[in-house]
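This report introduces a single protein chain to a reader who has not met it before. Please look over the sequence and the structure before reading on.

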Amino acid sequence: ITTDTIALRDMLERALRAGIQVEAHAIGDRANRIVLDMYQAAFNAVPESERRIANPRWRDEHSQIVNPADLPRFKELGIIASMQPSHAIGDLHFVPSRIGLDRTAGSYAWKTLMDLGVPIAAGSDAPVELGEPMIEFYAAVARKDLQGRDGPGWHPEEAVSRNQALL
């Protein structure tokens with residue numbers, strides 16, 4: 001445990017006591033696990049009786065590459081998963097070669113998270129992405145790039161229905 005870790009835990013515990021909603025950017029399976037671990041440690045350290053908000057709506061921003069073992073933790077901890085569907089379009093062509101096909105199993109796990117009952121915030125991340133709602137919708141439903149291509153390790157079973165994408 002480092003000084004930074006202790007400071008972060010203290011900050012999260014103070015946020016719970018003050019009723020501050022927290023969101024952390026975490027890109028990659030290790031970073032997402034660290035965020036979930038830190039959130040869980042804060043929730044364990046601060047009893048509900050000491051929280052200004054009994055059920056905080058903390059968010060994990062960019063929960064797009066998550067170890068499959070960590071997906072149920074979002075529900076268990078009450079964490080909002082925030083993913084930008086259009087990032088899947090760009091990531092499609094380089095993520096498998098950078099992290100390996102086995103680690104793509106929890107990538108953009110929209111359907112799994114929805115089936116678990118996890119709230120998903122699906123923004124555009126503009127201006128990093130175009131901010132075009134139809135592209136976001138298409139990416140979530142088709143799980144393909146704008147030319148209609150998919151790739152190895154991109155798990156078409158994680159696509160969501162049109163109705164789910166609009167939720």
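The report moves from the overall fold to the core, the salt bridges and some local details.

**Overall fold**

The structure is a predicted model. Its chain contains eight helices and four strands, arranged along the sequence in the pattern α-β-α-β-α-β-α-α-α-β-α-α. The chain has a radius of gyration of 17 Å, close to the 15 Å that the globule rule gives for 167 residues, so it is as compact as a globular protein of that length. Along the principal axes, the C-alpha atoms fill a box of roughly 50 × 30 × 30 Å. Of the 167 residues in the chain, 41% are buried. Among contacts between residues at least 6 apart in sequence, 71% join residues at least 24 apart.

**The nonpolar core**

In soluble globular proteins, nonpolar side chains tend to be buried together. In this model, the largest nonpolar core has 35 residues, and those with the most contacts inside it are Tyr 39, Trp 58, Phe 74, Ile 79, Trp 110 and Leu 113. At least two residues of this core come from each of the helices α1 (3-18), α2 (29-45), α3 (71-77), α5 (95-99) and α6 (110-116). The largest share, six residues, is supplied by α2.

Trp 58 illustrates how separate stretches of sequence come together. Leaving aside neighbours within four places in sequence, Trp 58 is in contact with a list of residues that includes Leu 12, Leu 16, Val 22, Tyr 39, Phe 43 and Ile 79. Ser 82 stands 24 residues from Trp 58 in sequence, with a C-alpha to C-alpha distance of 10 Å.

Ser 82 belongs to strand β3 (residues 80-82). With a relative accessibility of 3%, Ser 82 counts as buried. Not counting residues up to four places away in sequence, Ser 82 touches Arg 59, Asp 60, Glu 61, His 62, Ser 63 and Ala 121.

**Salt bridges**

How many salt bridges does the structure hold? There are ten salt bridges in the structure. Three of the pairs are set out below.

| Pair | N to O distance |
|---|---|
| Arg 59 and Glu 23 | 3.6 Å |
| Glu 61 and Arg 59 | 2.9 Å |
| Asp 115 and Lys 111 | 3.1 Å |

The pair of Arg 59 and Glu 23 links distant parts of the chain: Arg 59 lies in strand β2 (residues 59-61) and Glu 23 in strand β1 (residues 23-25), 36 residues apart. Arg 59 is partly exposed, at a relative accessible area of 28%, and Glu 23 is partly exposed as well, at 35%. Glu 61, which also meets Arg 59 in a salt bridge, is buried, with a relative accessible area of 7%.

Asp 115 and Lys 111 both lie in helix α6, four residues apart, about one turn of the helix. Asp 115 is exposed, with a relative accessible area of 54%, whereas Lys 111 is partly exposed at 27%. Elsewhere, Arg 33, Asp 37, Asp 70 and Arg 73 are linked in a network of salt bridges.

**A buried charge without a partner**

Glu 158 is located in the loop between α7 (133-142) and α8 (162-166). Which side chain of opposite charge is nearest to Glu 158? That side chain is Arg 143, 5.6 Å away; Glu 158 is buried yet has no salt bridge. Because a salt bridge requires the nitrogen and the carboxyl oxygen to be within 4 Å, this pair does not count as one. A polar atom of the Glu 158 side chain does lie 3.5 Å from the backbone nitrogen of Trp 110. Apart from neighbours within four places in sequence, the contacts of Glu 158 are Tyr 108, Ala 109, Trp 110, Lys 111, Thr 112 and Arg 143.

**Backbone details**

Most residues other than glycine have a negative phi, and most peptide bonds are trans. Arg 143 has a positive phi of about 55° although it is not a glycine. Arg 143 is in the loop between α7 and α8, and its relative accessibility of 4% counts as buried. His 155, likewise not a glycine, has a positive phi of about 50°; His 155 is also found in the loop between α7 and α8. The peptide bond from Ala 126 to Pro 127 is cis, with omega near 10°, and Pro 127 lies in the loop between β4 (120-121) and α7.

Conventions: Residues are numbered from 1 along each chain as its sequence is written. This is a predicted model: local features need pLDDT of at least 70, side-chain atom pairs count only at pLDDT 80 or more; totals for chains, interfaces and linings use all residues. Side-chain values use heavy atoms; hydrogens and water are left out. Buried means under 20% relative accessible area, exposed over 50%, partly exposed in between (1.4 Å probe, protein chains only). Lys and Arg count as positive and Asp and Glu as negative; His and the chain ends are not counted. A polar contact is a pair of N or O atoms within 3.5 Å; within protein, one must be able to donate a hydrogen and the other to accept it, and residues adjacent in sequence count only if both atoms are side-chain atoms. Contact means heavy atoms within 4.5 Å. A nonpolar core is a set of buried Ala, Val, Leu, Ile, Met, Phe, Trp, Tyr and Cys residues joined through side-chain atoms within 4.5 Å. The radius of gyration is taken over C-alpha atoms; the globule rule is 2.2 Å times the number of residues to the power 0.38.
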